[in-house]
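Please work through the exercises below with the sequence and the model at hand. Each task is followed by a solution in steps.

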Amino acid sequence: MHPWWKDAVFYQIYPRSFQDTNGDGRGDIPGIISRLDALVKLGVTALWLSPLYPSPDADNGYDIADYCDIDPRNGTLADFDELVAQAGARGIRIIMDLVINHTSNEHPWFQASRRREAPYDDYYIWRPAKADGKPPNNWTGFFMGSTWQWDEVRGEYYLHLFDPKQPDLNYHNPAVIAEVEKVMNFWLDRGVAGFRCDVITMLYKTSLKDGSGIPILRGIENYKTQEGNHEILRQWHRDVWGPRGAFTVGEAGLVTLDEARDLSLPDRGELDLIFYFDHLEVDRLLSRYGPKPFNAAELLRRFTSWQQGLDWNAVYFENHDQPRIVSHYGDDGRYWAMSAKLLAVLLLTLRGTPFLFQGQEIGMTNAGFTSLDQLDDIESHNVDGLLKSFHLPRRLRWWIIRNSSRDNARTPMQWSAGPGAGFTTGTPWLRANANTNWLNYDAQDDDPDSVLNFYRRVLQWRRGCEPVMSGNFEPVYSDRAVLAYRRATDDGQACTIWLNMSGKVRRPKPLGAQAGRIVLSNSGRPELDGTLQPWEALVVAGN
Ligand code: ISL
Ligand code: CA
């Protein structure tokens with residue numbers, strides 16, 4: 001069986017930063033509709049929409065107050081239906097962001113639960129204070145600090161893995177599991193093709209006993225990828241995703257390859273694909289933070305493990321939580337265009353379903369923030385607070401945060417050089433990157449050498465390249481700067497990809513013996529000569 005999502009090209013839209021049409025400085029659904037033709041021209045066949053639901057924006061929409069409506073700042077349900085219809089008319093499917101590990105504290109369920117109103121009294125994870133008034137255990141969360149918040153109304157603590165305004169739902173309660181099924185069916189009835197499942201491997205807290213170790217995600221061993229979590233996913237697959245043919249991709253933070261296999265192998269009846277993070281943390285000490293030197297050999301080792309460990313999976317470099325990949329693994333200075341194109345070749349020649357993030361196709365860079373007060377992201381501010389509690393000086397704290405902050409991905413889409421970046425006629429909710437004056441969609445649309453037209457070409461080329469669309473993945477060579485891998489089909493069609501992820505000329509020995517024809521490159525080189533120019537990417541057909 002060859003499901004549609006194996007041939008799809010996904011594009012993630014962060015609606016508030018994509019296209020504003022009413023001048024309020026926030027993107028909206030009519031804005032997405034107005035840009036559908038640009039997405040068709042790129043070669044997009046499916047959209048992942050970050051949350052559009054009513055939200056008080058404690059975590060930019062990942063704190064949901066009503067799962068079955070559209071936040072009026074994004075538009076209306078009628079606008080959404082129009083988007084589904086307009087996208088469908090262009091052969092584009094839509095998946096929604098399903099954020100059900102937690103709700104907003106302004107969700108009616110939580111407001112009823114804190115008043116102990118049945119049946120909502122048991123929808124969340126409430127516990128009395130310890131005898132000394134302290135929280136029920138020593139867990140610390142993703143946004144730093146205790147995962148417990150005291151509630152005056154109920155006179156108990158409630159659990160929140162993220163912000164206190166994001167209370168975790170209680171997945172020991174079958175009524176909660178049933179409520180989520182109703183939400184999924186509501187959106188499937190409106191024509192969505194599936195879901196990107198937020199924090200989907202941390203739903204089931206097996207126990208609330210104290211965690212051990214350093215106070216960063218302390219206690220995670222009690223809720224990361226638990227058996228109870230697998231049971232819930234299998235139930236949803238049995239009740240909804242299977243019968244309705246709904247596609248799912250799960251965000252699986254900190255997941256190991258074995259856990260990923262249990263979550264996504266076809267015979268498991270759980271998720272179709274998962275997003276892991278390993279490949280984005282090669283040059284990081286802890287998650288997205290704490291820069292350390294990049295090493296191409298380590299990147300290839302991690303890709304090899306995941307590409308060979310899962311038969312088919314999602315491949316991505318960017319999303320609304322990740323810094324811009326051309327600033328992260330590329331060179332957003334002298335070799336900006338070459339490195340952005342190299343990263344396009346890397347992403348689009350891996351085995352799996354590619355996910356692009358808005359702006360990646362034009363090589364958008366990190367935002368160049370100069371101080372913490374320019375950041376909106378709750379996580380960045382809380383990381384600064386934690387580092388301050390360790391008495392790190394402000395300059396060092398900022399050095400750790402500036403290039404890892406999620407806001408680097410969240411600045412307005414750079415459509416044109418004009419004020420508001422062609423994104424808004426008003427004041428954008430988050431200031432646009434200063435380089436919009438030259439780095440923008442309009443400047444690249446008709447330029448055959450632009451990053452945008454390179455993405456268009458590679459996305460078109462790969463559809464006809466069987467080794468890329470269905471071949472296996474074998475590592476060929478790597479050192480600190482260069483990596484090479486081979487994609488081959490069972491009937492012997494093959495191509496080898498050579499990437500120089502550095503600003504120096506490289507002469508990797510095996511390239512000298514590489515035979516075959518260059519079928520794609522970011523340099524236009526006519527033939528092989530045993531060298532790779534700075535940031536040069538070559539795809540060689542044949543063995
Ligand atoms: O586990 C991680 C690996 O770094 C964390 O990044 C974690 O997976 C991630 O923070 C979860 O992100 C998702 O849920 C959050 C929201 O703030 C993010 O935007 C969303 O992508 C809470 O809903
Ligand atoms: Ca708007």
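The exercises that follow concern a predicted model, with its ligand and its cysteines as topics.

**Exercise 1.** Determine which residues are closest to ligand 1, and how the shell around ligand 1 divides by class.

*Solution.* Step 1: ligand 1 is surrounded by 20 residues, and the closest are Asp59, Asp198, His320, Asp321 and Arg406. Step 2: sorted by class, this shell holds eight charged, seven nonpolar and five polar residues. Step 3: as for location, ligand 1 takes up the space of the largest pocket.

**Exercise 2.** Find the distances from oxygen atoms of ligand 1 to polar side-chain atoms of aspartate 198 and glutamate 251, and to an N or O atom in the side chain of arginine 196. State also what share of the ligand's accessible area the protein covers.

*Solution.* Step 1: for aspartate 198, the distance is 2.9 Å. Step 2: for glutamate 251, the distance is 3.0 Å. Step 3: for arginine 196, the distance is 3.1 Å. Step 4: on its own, ligand 1 has 500 Å² of accessible area, of which the protein covers 97%.

**Exercise 3.** Explain why cysteine 465 and cysteine 495 are not joined by a disulfide.

*Solution.* Step 1: a disulfide is a covalent bond that links the sulfur atoms of two cysteines. Step 2: the cut-off applied here requires the two sulfur atoms to be within 2.5 Å. Step 3: the cysteine sulfur closest to that of cysteine 465 belongs to cysteine 495, and because the distance is 4.2 Å, the pair is too far apart for a bond. Step 4: the count of disulfides by this rule is zero. Step 5: cysteine 465 is buried, at a relative accessible area of 10%, and cysteine 495 is also buried, at 1%.

Notes. Residues are numbered from 1 along each chain as its sequence is written. Chains are lettered from A and ligands numbered from 1 in the order in which they are written. This is a predicted model: local features need pLDDT of at least 70, side-chain atom pairs count only at pLDDT 80 or more; totals for chains, interfaces and linings use all residues. Side-chain values use heavy atoms; hydrogens and water are left out. A residue is near a molecule or strand if one of its heavy atoms lies within 4 Å of it. A polar contact is a pair of N or O atoms within 3.5 Å; within protein, one must be able to donate a hydrogen and the other to accept it, and residues adjacent in sequence count only if both atoms are side-chain atoms. Accessible areas come from the Shrake-Rupley method with a 1.4 Å probe; for residues, only the protein chains shown count as cover. On a 1 Å grid over the protein atoms alone, a cavity is a set of points where a 1.4 Å probe fits but cannot get out, and a pocket is an open set with protein on both sides within 12 Å along at least five of seven lines; lining residues have an atom within 4 Å of a point. A molecule sits in a cavity or pocket if more than half of its atoms lie within 2 Å of its grid points. Ala, Val, Leu, Ile, Met, Phe, Trp, Tyr, Cys and Pro count as nonpolar, Asp, Glu, Lys and Arg as charged, and the others, Gly among them, as polar. Buried means under 20% relative accessible area, exposed over 50%, partly exposed in between (1.4 Å probe, protein chains only).
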